[in-house]
Amino acid sequence: MSHQESQKLDNVNPLETRVEDVIERGDNDFLDDNHDQDEHSESSQSHQAVDESDSSEDEVAPRNTIGDVPLEWYKDEKHIGYDIAGRKITKKERQDKLDSFLASADDSKNWRKIYDEYNDEEVELTKEEIKHIRRLLKGKAPHAEFDPYAPYVDWFKWDDAKHPLSNAPEPKRRFIPSKWESKKVVEYVRAIRKGLIKFDQPKEEPRFYRLWGDDSSSADRTKHLAYIPPPKPKLPGHEESYNPSLEYIPTQEEINSYQLMYEEDRPKFIPKKFTSFRSIPAYENAIKDSFERCLDLYLCPRVRKKRINIDPESLKPKLPSRKDLRPYPSTCYLEYRGHEGAVLSISVEPSGQWIASGSKDGTVRIWEVETGRCLRVWEIGEAVQLVAWNPLPELPVLAASVGADVLILNTGFGNEEEQKRVKELLHIGTPTSDDSDDMSSFLSWIQDEKYDCIRLRHYRVLGSVPSSLGTVSSIEWHRKGDYLSTLSKRLTQRFPFKLHGLPVSSVFHPTRSIFFVATKKNVRVYDLLKQKLIKKLETQLREVSSIAVHPAGDNLIVGSKEGKLCWFDMDLSSKPYKTLKCHPKDITKVAFHRSYPLFASCSDDCTACIFHGMVYADLNQNPLIVPLEILRGHTSYDGRGVMDCKFHPRQPWLFTAGADSSIKLYCH
Amino acid sequence: MVKRRVFRLRVLLETVTMGKKKEGNAARYVTRSQAIKILQVSLSDFRKLCIHKGVFPREPKKKVKGNHHTYYHLKDVMYILHDPLLEKFREIRAYQRKIKKAKAKKNDELAKLLLSRAPSYRLDLVIRDRYPTFIDALRDLDDPLTMVHLFAMLPAIDRLKIEVKRIHNCRRLCHEWQAYISRTHKLRKVFVAVKGIYYQAEVDGQKITWLAPHARQQVLTDDVDFNVMLTFLEFYEALLGFVNFQLYHSINVKYPPILDPRLEALAADLYALSRYLDANHRAAIQEPQVAGSSRPEQEQEESDLRLAQLQHQLPANEPGALMHLVQDASSEIEEDETTRNCKNLFQNKKIFLSREVPRESLLFVIPAFGGIVSWEGDGAPFAESDDSITHQIVDRPTQGHVYLSREYVQPQWVYDCINARIILPTEPYMVGRDPPPHLSPFVDDEAEGYVPDYAKTIRQLQAAAKSDIQPLPGTGNDELDNSQNMLAEGFINRTEAMEAAEKKQEMMLLEKQYHNELKMELQGVSSINKLNSEDTKSKEQSLPDVEEQSAEDPSRLMMSRKKRGLYKAIEMGKQQKKERVKKLKERKRNIEAAQKSEKKHKKAQVS
């Protein structure tokens with residue numbers, strides 16, 4: 001570096017060049033001595049030096065008067081020249097090298113001392129001088145105040161110049177292209193076309209070079225979208241071999257059967273056996289396969305999908321073992337036979353000794369639970385849709401619906417006193433209206449002589465024709481046995497509330513005066529005392545078929561015609577707490593057990609499901625629902641399976657009524 | 001310039017998504033036509049750019065423009081937009097127009113001149129951008145290799161713009177790759193399928209599988225757009241070139257290799273390459289960097305020259321000796337266990353290929369596993385009459401002249417040995433025989449649930465080789481029968497065990513049922529049972545069924561719909577697999593029965 005710069009400064013006088021040399025040397029020495037010291041400290045040092053020095057060379061004119069002659073002429077003399085008075089200036093004692101070195105080592109300011117050969121003396125440079133030299137070395141003007149880029153002042157131009165510098169008109173040659181130039185150009189063009197002039201060919205770069213240097217480069221990909229590598233093609237299996245095991249080759253029949261398959265189901269590759277290498281032909285689809293792969297690579301959207309490699313068992317929810325939840329009905333114990341048509345409804349007597357069943361063949365039967373003996377038969381003649389025991393044990397009365405009517409039958413159980421009361425009750429009911437007046441307009445209580453019972457007849461609200469079309473779809477006794485709710489398709493029943501849609505099923509709250517009515521989509525909860533709507537439960541099902549209330553009253557299950565079962569926790573929300581798809585076909589009935597934490601659903605697919613449904617007293621704990629058992633045994637008849645299911649009031653037993661005209665009892 | 005470009009881009013984007021939402025799927029994804037509008041290129045150029053840049057459509061969650069559109073992510077489009085390649089393509093397009101114009105004006109001279117200076121582009125930066133690290137490139141090397149191998153086999157057709165130059169380039173790239181794999185013993189599995197030969201190599205921990213078609217005249221089909229394939233090929237060629245460079249660099253060999261013209265003329269490229277590699281490698285070892293980094297360039301050139309000379313001076317008939325020399329020297333290069341195994345598989349074998357054998361594949365494969373190989377023809381390292389040949393690969397029905405010192409085997413023997421990693425007995429592979437089935441090394445038989453017979457035999461042989469017990473003298477077909485005994489002794493695999501367990505369970509069930517029946521009978525006499533016999537029977541019959549179903553059903557009810565679907569899918573997959581295995585077993589049984597009856601028939605005829 002120093003070489004170049006000193007060249008640049010050729011025209012500086014010899015003294016200064018020499019000075020500069022020394023400066024550089026001094027600089028180098030200085031740098032050698034302490035590398036880490038920066039320029040700032042350096043300058044501060046020099047500043048110190050200035051303070052100490054008391055030199056006055058600036059004022060003193062050069063003593064030597066020999067002029068600009070080579071100094072080597074005086075090399076062998078004892079003097080170096082003459083002073084202004086013509087006296088010889090004698091040379092000083094030479095310091096030997098060791099001394100000078102020691103001096104330089106001792107004196108930190110030595111670097112700024114230079115030897116003036118001309119005057120034969122040591123000069124110490126001041127701070128300003130050093131600054132000047134530095135600036136010169138950098139190629140700048142020596143004085144910092146000098147501004148090399150001062151705004152240009154055009155002295156020769158002023159706005160209203162009378163006399164231009166030149167008055168000559170612009171020559172023509174300034175406007176027309178040069179003839180000689182164009183001739184030259186044409187010459188060159190010709191030479192180029194002929195190939196006489198050869199251009200420098202673009203430098204042939206190597207086609208390949210080391211693209212990935214050291215592999216420590218940071219991934220630039222992060223800036224861009226995440227790169228999804230293309231999925232690798234499937235690796236070939238044994239069957240693709242040129243010589244596969246014989247069992248991989250399909251028989252001729254199988255190959256023929258491929259023709260019957262759909263195009264997309266047909267296997268793409270039919271294994272074939274070649275006995276030797278030389279007999280393998282070229283694969284006819286090689287190019288097509290490759291092309292399809294190309295298309296896949298650049299035309300198919302790529303999505304990163306997580307490949308799940310999980311144990312299917314881990315998908316199953318963690319449920320308590322079924323063994324711990326015993327007892328629950330699991331095996332068919334008894335079968336009650338006698339009906340000739342589908343058993344549409346069953347009802348268990350509150351004591352659990354008897355069950356009543358209503359069938360399509362027009363009979364109502366009462367069976368003894370323990371033995372399966374048929375105790376009593378009423379031939380009604382019309383299909384009995386529903387039967388229901390009065391929940392009071394001292395009032396052994398059975399309600400059965402036939403078409404649009406409801407019959408209240410005296411079963412004849414109980415002791416004489418009870419019997420008497422029943423008879424009285426049934427008799428009194430006839431003429432007087434139990435209900436309010438407006439009720440009687442479309443409900444009439446008629447004494448039926450034949451079966452010794454009361455017949456409730458529904459009328460249509462509109463029109464005067466007694467309805468035979470509207471059938472009773474639900475009968476429900478109030479827990480005290482005082483009230484009876486009946487639902488019919490024809491809006492015959494009278495609610496003090498507005499219902500949206502047709503009612504499907506109804507149920508009384510087991511302890512409070514609350515009434516649940518299910519329409520096709522929703523379940524509405526009414527307060528009977530205040531006569532107003534409390535809650536609307538949205539089932540999110542297509543069509544509700546039945547509902548049942550937990551004995552505690554806070555939970556409700558709803559079965560639907562699409563085979564789904566909803567569990568509502570009334571305290572939780574108006575949406576189902578859990579929806580179970582437990583049957584492939586319609587759920588016909590759902591039921592809760594009165595004392596055991598069990599509930600059941602039965603369906604047209606000839607099965608009944610038993611669930612464990614534990615409701616905790618602690619409000620923070622959600623109900624526990626565990627599927628326990630699928631009960632089979634019924635056979636399908638006329639597209640219907642199990643029509644009704646009821647739990648035994650005390651035992652964990654389940655009765656199911658099937659369309660195959662049998663009633664089954666499942667025990668634990 | 002840049003400012004103008006940015007401005008233009010903004011205007012374009014605004015016109016494309018004018019009056020639309022500025023966030024969400026509508027802003028993030030554009031249809032293909034929108035993308036083309038943004039990029040201002042023709043569809044064919046857009047396709048090319050997509051292929052080179054590796055941009056593919058995305059699947060937005062919500063398809064704003066409808067279901068029948070393809071969607072590109074806006075970032076992908078920007079990624080193309082900011083690439084210099086786009087500008088280059090436009091330039092080329094404009095330049096093509098110039099040429100066309102010159103031709104139309106019958107200005108042939110100008111057209112020729114223009115053609116000679118047509119702008120070209122390079123893909124190095126694109127590759128670098130797509131694959132920031134070398135491993136990334138290796139990971140995606142399957143498709144490039146398959147494609148390049150396919151094109152190396154295709155005929156050059158002017159009509160389809162498949163040029164001779166490119167075919168040759170493909171072939172060269174293939175050979176370079178194969179030479180590297182073979183030299184470094186990185187080949188792991190080979191499978192001869194109907195579609196071609198599958199090779200699997202392991203480079204830098206990446207498993208790379210590629211398919212090389214059989215060396216036959218390929219069938220050209222019409223329903224293929226060769227433009228697309230050639231664009232892919234262009235990228236793949238560049239990628240493979242750079243990958244090869246990197247690989248050659250890693251073993252201290254200069255790339256591109258300078259080949260012996262004599263061998264090249266004989267179409268023995270691979271052999272020439274392997275010799276080049278050997279020579280270069282040896283030189284690199286012989287003169288380790290003593291000279292230091294400041295060795296003048298001139299000297300380097302000189303050494304290159306000398307290398308080329310050395311290559312010519314190599315003793316033509318003994319590549320193996322040289323290879324051993326190199327191997328001994330380079331043993332300090334760290335190698336894993338498998339590489340060492342692969343290297344030593346054919347260690348002392350000297351194999352000769354007959355004329356009819358597919359030479360290219362075997363020339364690649366045998367040296368990759370440490371064997372020495374030669375073939376019939378000019379430039380071969382040793383002739384057929386060499387006494388030290390241990391095996392001769394023959395693919396013809398009968399062998400005329402037989403040297404007693406060597407074994408004559410079919411080519412499948414080589415591949416089976418490689419996949420089994422042991423030297424298999426040669427008897428079943430002898431000339432004229434039906435070789436045993438060739439099995440895929442890519443299948444996990446255990447997971448598949450069905451193990452072919454020959455796989456069992458091979459496993460046995462492997463076990464025997466491992467424990468250094470000499471295999472039983474009877475091999476081949478006898479071995480198949482023996483396998484049953486061997487299995488009983490302790491080579492029972494998982495599926496077999498499972499089957500046995502199933503059978504056992506069935507037996508237990510039957511026994512239980514029998515006991516139950518007995519009990520019922522006893523009880524039936526003493527106690528008054530209401531259940532009629534018919535009912536019990538039906539119950540008995542339905543009992544296992546019910547048990548089975550109830551075991552899985554109840555908990556399934558409690559699954560969420562998603563999980564239930566998943567569960568069902570898993571079950572269905574299992575079922576399918578089971579059915580497949582069942583079918584295989586059935587076929588096997590049928591075949592065996594047919595064979596037996598045939599034998600009987602023959603015996604009957606004989607007697």
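1. Quick definition before the interface: two residues are in contact if their C-beta atoms, placed from the backbone, lie within 7 Å. On that basis, the contact between the chains takes 66 residues from chain A and 87 residues from chain B. On the chain A side, α8 (286-299), α9 (312-315) and β28 (624-631) each supply at least two residues. Helix α8(A) has the largest share of that side, with 10 residues. By class, the chain A side breaks down into 38 nonpolar, 11 polar and 17 charged residues.

2. Keep in mind that this is a predicted model. Chain A has a mean pLDDT of 77, with 78% of its residues at 70 or more. Residues 1-59 of chain A are a stretch to watch: the pLDDT there is below 50, and beyond near neighbours in sequence the model gives this stretch 32 contacts. Then there is 488-493 of chain A, where pLDDT again stays under 50 and the model has 25 contacts beyond four places in sequence.

3. On to a sheet in chain A. Four strands make an open, antiparallel sheet, and the order is β5-β31-β30-β29. The edge positions go to β5 (331-337) and β29 (642-647); each has a single partner strand, so one side of each is left without a neighbour in the sheet. From one strand to the next, the twist averages 20°. Inside the sheet, β30 (residues 654-658) and β31 (residues 662-667) of chain A pair in the antiparallel sense over 4 bridges. If you want a register check, Thr656(A) has Lys664(A) in β31(A) as its bridge partner.

4. Now the nonpolar cores. The largest one has 118 residues, and the residues with the most contacts inside it are Val148(B), Leu239(B), Leu362(B), Val365(B), Ile366(B) and Val414(B). Helix α12 (residues 226-250) of chain B gives the most to this core, namely 13 residues. Apart from that core lies another, of 90 residues, which includes Ile355(A), Leu407(A), Met643(A) and Leu665(A). As general background, nonpolar side chains in soluble globular proteins tend to be buried together.

5. A closer look at Val148(B): leaving aside neighbours within four places in sequence, its contacts are Cys170(B), Leu173(B), Cys174(B), Tyr236(B), Glu237(B) and Leu240(B).

6. Some backbone geometry worth a second look. Most residues other than glycine have a negative phi, and most peptide bonds are trans. Against that, a cis peptide bond joins Arg326(A) and Pro327(A), with omega about 0°; Pro327(A) sits in the loop between α9 and β5 of chain A. Chain B has a cis bond joining Tyr255(B) and Pro256(B), with omega about -5°, and Pro256(B) is in the loop between α12 and α13 (261-265) of chain B.

7. Positive phi values turn up in chain B. Lys161(B), not a glycine, has a phi of about 65° and belongs to the loop between α10 (142-153) and α11 (164-183) of chain B. Lys161(B) counts as exposed because it has 11 C-beta neighbours inside 10 Å, and the cut-off for exposed is 12 or fewer. Arg421(B) is also not a glycine and has a positive phi of about 65°; it lies in the loop between α19 (412-420) and α20 (445-448) of chain B. With 18 other C-beta atoms within 10 Å, Arg421(B) is partly exposed.

8. One last residue: Glu121(A), in strand β4 (residues 121-124) of chain A. Having 15 C-beta neighbours inside 10 Å, Glu121(A) counts as partly exposed. Glu121(A) and Lys91(A) are 30 residues apart in sequence, with a C-alpha to C-alpha distance of 9.2 Å.

Key. Residues numbered from 1 in each chain as written. Chains lettered and ligands numbered in written order. Predicted model: local features only at pLDDT ≥ 70, side-chain atom pairs only at ≥ 80, totals over all residues. pLDDT = per-residue confidence, 0-100. Pairing = 2+ DSSP bridges. Axes fitted to C-alpha atoms, helices over the stretch in contact; angles between N-to-C directions. Nonpolar A, V, L, I, M, F, W, Y, C, P; charged D, E, K, R; others polar. Buried ≥ 20, exposed ≤ 12 C-beta atoms within 10 Å, placed from the backbone. Core = buried A, V, L, I, M, F, W, Y, C linked by C-beta atoms within 7 Å.
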